[in-house]
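Q: Got a minute to go through a model with me? I'd like to talk about charged side chains.

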Amino acid sequence: DESIQARVTASVLRRIGFDPVQGANSADQALELYNQHGQDFLVVDLCLPDMDGVQLIGKIRSGYRGSRARVMAYTADDHHGRHAEALRAGANDFYTK
């Protein structure tokens, strides 16, 4: 499910002009890529294997590049509390997959 969702998301992002699209399999890998390349737009799953996605968003926002990145959070959990948590952590928007 996750790999299909990642491929679909990457395909949509490419179609609307985001290229190259880089994927990460963990929060640690995402942070490493972000710190190296400073992407302008990030799509963050709130359910990651090694860290809660809300924590990842907070770490991104606390870095020196974090204020300029646009962050879209998503999850399969449609509980409104998760939406609010992501926005409080610094996500610009949120969707439920």
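What follows is a short chat about salt bridges, model confidence and one acidic residue.

Q: What kind of model is this, and what does the chain average in pLDDT?
A: The model is predicted. The chain averages a pLDDT of 87. In all, 95% of the residues score at least 70.

Q: Which element has the lowest mean pLDDT, and which the highest?
A: Helix α1, residues 2-15, has the lowest, with a mean of 84. The highest is α3, at 93.

Q: On to salt bridges. How many are there?
A: The count comes to 4.

Q: Which residue does Arg68 pair with?
A: Arg68 meets Asp40 in a salt bridge, 2.8 Å from N to O.

Q: Where do Arg68 and Asp40 lie?
A: Both are in loops. Arg68 lies between α3 (53-62) and β2 (70-75). Asp40 lies between α2 (27-37) and β1 (41-45). The two are 28 residues apart in sequence, so the pair ties together separate parts of the chain.

Q: Are Arg68 and Asp40 buried or exposed?
A: Arg68 is partly exposed, at 47% relative accessibility. Asp40 is partly exposed too, with a relative accessible area of 47%.

Q: And Arg14, what does its side chain meet?
A: Arg14 forms a salt bridge with Asp19, at 3.9 Å from N to O. Arg14 is partly exposed, with 43% relative accessible area. Asp19 is exposed, at 60%.

Q: What about Glu85, which Arg does it meet?
A: Arg82, with 3.3 Å from N to O. Glu85 and Arg82 are 3 residues apart in helix α4 (residues 80-89), so about one helical turn separates them.

Q: Arg82: buried or exposed?
A: Buried, with a relative accessible area of 14%. That counts as buried because the cut-off is under 20%. Glu85 is partly exposed, at 30%.

Q: Which residues are linked with Arg82 in a network?
A: Asp52 and Glu85. The three are linked by salt bridges.

Q: Changing topic: where is Asp45 found?
A: Asp45 is in strand β1. Asp45 counts as buried, at 10% relative accessibility.

Q: Which backbone nitrogen does the Asp45 side chain reach?
A: That of Cys47, at 2.9 Å.

Q: Leaving aside neighbours within four places in sequence, what is Asp45 in contact with?
A: Asp45 is in contact with Gly53, Tyr74, Thr75 and Lys97.

Note on methods:
Residues numbered from 1 in each chain as written. Predicted model: local features only at pLDDT ≥ 70, side-chain atom pairs only at ≥ 80, totals over all residues. Heavy atoms only, no water. Buried < 20%, exposed > 50% of the residue type's maximum accessible area, 1.4 Å probe, protein only. Helix = DSSP H or I, 4+ residues; strand = E, 2+ residues; numbered from the N terminus. pLDDT = per-residue confidence, 0-100. Polar contact = N/O pair within 3.5 Å; in protein donor to acceptor, adjacent residues only side chain to side chain. Contact = heavy atoms within 4.5 Å.
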